[in-house]
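Subject: Handing over the structure

Hi there,

Here is the structure I said I would pass on to you. Have it open in your viewer while you go through my notes below.

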Amino acid sequence: MAKRPTPTEFVVVRDEQKCISCQACVRMCANDAHVYDAQLDTVSVDNEKCVGCHFCETICPTGALTIQRNPSEFKLNANWDARTIKNITKQAQTGGVLLAGMGCDRPYPIYWDHILLNASQVTNPSIDPLREPMELRTYIGRKPDVIKLGVMSSEFVEKNKKLRTTNYELRTQLSPQLKLETPILFSAMSYGSISLNACKSLARAAASAGTFYNTGEGGLHKDLYQYGANTIVQVASGRFGVHKKYLQAAAAIEIKIGQGAKPGIGGHLPGEKVSYEISQTRMIPEGTDALSPAPHHDIYSIEDLKQLIYALKEATRYQKPVGVKISAVHNVAPIASGIVRSGADFVAIDGLRGGTGAAPTVIRDNVGIPIELAIAVVDQRLREEGIRNQASLIAAGGIRNSADIIKAIAIGADAVYIGTAALVAMGCNLCQKCYTGKCNWGLATQDPYLTKRLNPDIGTERLVNLLRAWSLEIKEMLGGMGINAIESLRGNREQLRGVGLSDTDLKLLGIKPAGEAW
């Protein structure tokens with residue numbers, strides 16, 4: 001041969017003393033990595049097929065399996081590392097574009113890990129969230145420039161006619177708002193890229209926790225209409241599943257322009273994933289590829305975008321917020337400014353580490369900028385132009401925990417989208433092979449044998465638990481800063497300090513270095 005195959009990425013280690021040849025791993029592995037030999041009554045492993053999802057390791061009744069990275073190494077070379085050599089070898093064999101799932105996994109700086117929060121000490125006492133009320137409620141939508149109040153009624157003390165209480169009413173007509181009980185939403189993941197059971201889990205959890213989930217660009221399955229009050233529907237370039245009932249069922253509408261994992265390119269759901277149910281939901285023929293072009297063919301300017309925004313508002317009688325989702329790119333600040341001026345009620349910005357079901361690896365790992373920088377520069381640009389109140393900002397792309405959330409809000413976001421974290425809560429181990437449709441956890445697959453592994457009731461419970469845990473931690477951090485409402489933290493960058501960041505990073509983030517006082 002011209003070149004030998006490269007070493008496998010993972011090695012399945014089987015403890016023969018513990019293995020009872022029950023064949024659970026053989027039956028459960030969608031990648032056929034485990035093989036049973038009836039004559040020898042033994043189970044062997046094809047390590048080339050192992051993707052590192054750890055499902056077999058989890059379900060092994062005797063704990064006989066361990067998934068490890070292959071210890072075999074290439075000669076160390078700073079420029080030609082093992083990943084590069086493996087990719088070249090694979091493309092030399094196939095002649096195709098390398099695909100990957102989830103978000104960028106390259107070792108770019110994670111700015112969240114270089115930002116520290118403030119805490120109260122003497123002059124500004126902290127607040128105990130267990131004993132004092134803490135407000136996490138968040139409203140997504142356009143806010144007025146001025147609030148006008150009117151006196152509704154007054155009560156006087158009869159004895160001396162002194163004013164005791166006055167009741168006011170709001171005279172300003174507000175734009176439609178999304179009311180979130182916690183500043184966390186479930187990001188766009190379409191039915192087709194993930195299973196119906198995963199969609200049901202997200203929808204039920206959103207309804208239970210008082211927040212919202214996003215349908216992605218795959219339309220709304222008939223079983224999910226009952227959760228419309230907690231649903232954000234997407235209008236993407238392919239217009240899959242978009243019709244009057246779809247728009248009217250939702251609480252809000254999001255126009256998808258870009259996605260953090262693949263800025264500037266479209267989407268592709270292979271025909272083998274387009275089952276009858278998906279074809280009905282997306283309104284395309286069964287078994288045909290669902291192709292979303294990179295651009296919307298009716299949007300080539302901010303003026304065109306404005307027309308679509310107001311067409312959607314008109315179609316829903318101006319009763320729902322209409323937002324726009326974009327990728328975090330180099331000129332994200334002026335782009336966001338134009339979107340706000342075009343009438344969008346919220347702008348969702350998806351950063352470099354935003355997840356996906358499938359994307360060219362070269363795009364995923366090399367295009368876009370981190371969400372930390374994007375939110376900071378957009379918030380600052382909108383404030384400088386005096387239009388920050390005209391739209392809410394939603395940060396997305398690699399939000400991992402409650403600390404990331406509270407830092408994103410302090411930098412300037414109103415709320416955050418979580419996608420990968422939600423999948424992890426339901427069982428995902430980030431094997432990054434979503435595009436194969438062989439997800440052993442029943443998440444990124446349409447195989448009936450695999451999808452039933454995810455119980456929507458259990459998925460819902462785990463997602464609700466995650467939101468509850470993060471909300472409690474956010475309250476603890478707010479209380480430590482002496483702040484009793486998330487609204488008071490929004491854009492309050494004085495509560496942040498940077499560690500190990502360059503002067504340019506600090507300037508773009510709008511924060512001071514650690515050790516510098518107010």
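Let's begin with a single residue. S342 is found in the loop between α8 (332–341) and β18; helices here are DSSP runs of H or I with at least four residues, strands are runs of E with at least two, and both are numbered from the N terminus. Is S342 buried or exposed? S342 is buried, with a relative accessible area of 1% (buried means under 20%, exposed over 50%, and partly exposed in between, using a 1.4 Å probe and protein chains only). Leaving aside neighbours within four places in sequence, S342 touches I302, L305, K306, I309 and Y310, where contact means heavy atoms within 4.5 Å. N455 is another matter: S342 and N455 are 113 residues apart in sequence and 42 Å apart in space, C-alpha to C-alpha.

Some ground rules before we go on. This is a predicted model, so local features need pLDDT of at least 70 and side-chain atom pairs count only at pLDDT 80 or more, while totals for chains, interfaces and linings use all residues. Residues are numbered from 1 along each chain as its sequence is written, and side-chain values use heavy atoms, with hydrogens and water left out.

Now the barrel. Eight strands close into it in the order β11-β12-β13-β14-β17-β18-β20-β21, with parallel pairing; two strands count as paired if DSSP finds at least two bridges between them. As background, strands of a sheet pair through backbone hydrogen bonds, either parallel or antiparallel. Which strand does β11 (residues 184–188) join through three bridges? That is β21 (residues 415–418), and the two run parallel. To find this spot, look for I184, whose bridge partner in β21 is V416.

Elsewhere in the barrel, β13 (residues 231–235) and β14 (residues 252–256) are joined by four bridges and run parallel. V233 has I253 of β14 as its bridge partner. Strand β14 is mostly covered, with five of its five residues buried. On one side those are A252, E254 and K256, and on the other I253 and I255, so both faces are covered.

On to a helix that goes with the barrel strands: α10 (residues 371–384) lies across β18 (346–350) and β20 (392–396), and runs at about 170° to β20. For angles like this, axes are lines fitted to C-alpha atoms (for helices, over the stretch in contact), and the angles run from 0 to 180 degrees between N-to-C directions.

There is also an open sheet of three strands, in the order β6-β22-β23 with mixed pairing. Its edge strands are β6 (115–117) and β23 (512–513), each of which pairs on one side only. Strand β22 (residues 496–498) pairs with β23 in the parallel sense over two bridges, and G498 has P513 of β23 as its bridge partner. Helix α11 lies across β6 and β22, at about 90° to β6.

Next, helix packing. The axes of α11 (residues 402–411) and α14 come within 9 Å and cross at roughly 55°. The contact is made by S402, A403, I405 and I406 of α11 and W470, E473, I474, M477 and L478 of α14.

Helix α14 (residues 456–480) has a crossing with α4 (residues 196–209) too: their axes come within 8 Å and cross at roughly 45°. In this crossing N197, K200, S201, L202, R204, A205, S208 and A209 in α4 meet P456, D457, G459, T460, L463, V464 and L467 in α14.

Last, a hairpin and a few backbone angles. Strands β2 (residues 34–37) and β3 (residues 42–45) run antiparallel and are joined by four bridges, with V43 in β3 as the bridge partner of Y36. Their hairpin has four residues between the strands, and D41 takes a positive phi near 55° there. S21 has a phi near 55°, positive in a residue other than glycine; S21 sits in the loop between β1 (10–14) and α1 (24–28) and is buried at 17% relative accessible area. Y318 also has a positive phi near 55°. Y318 lies in the loop between α7 (302–315) and β17 (322–327) and counts as partly exposed at 41% relative accessibility.

Happy exploring!
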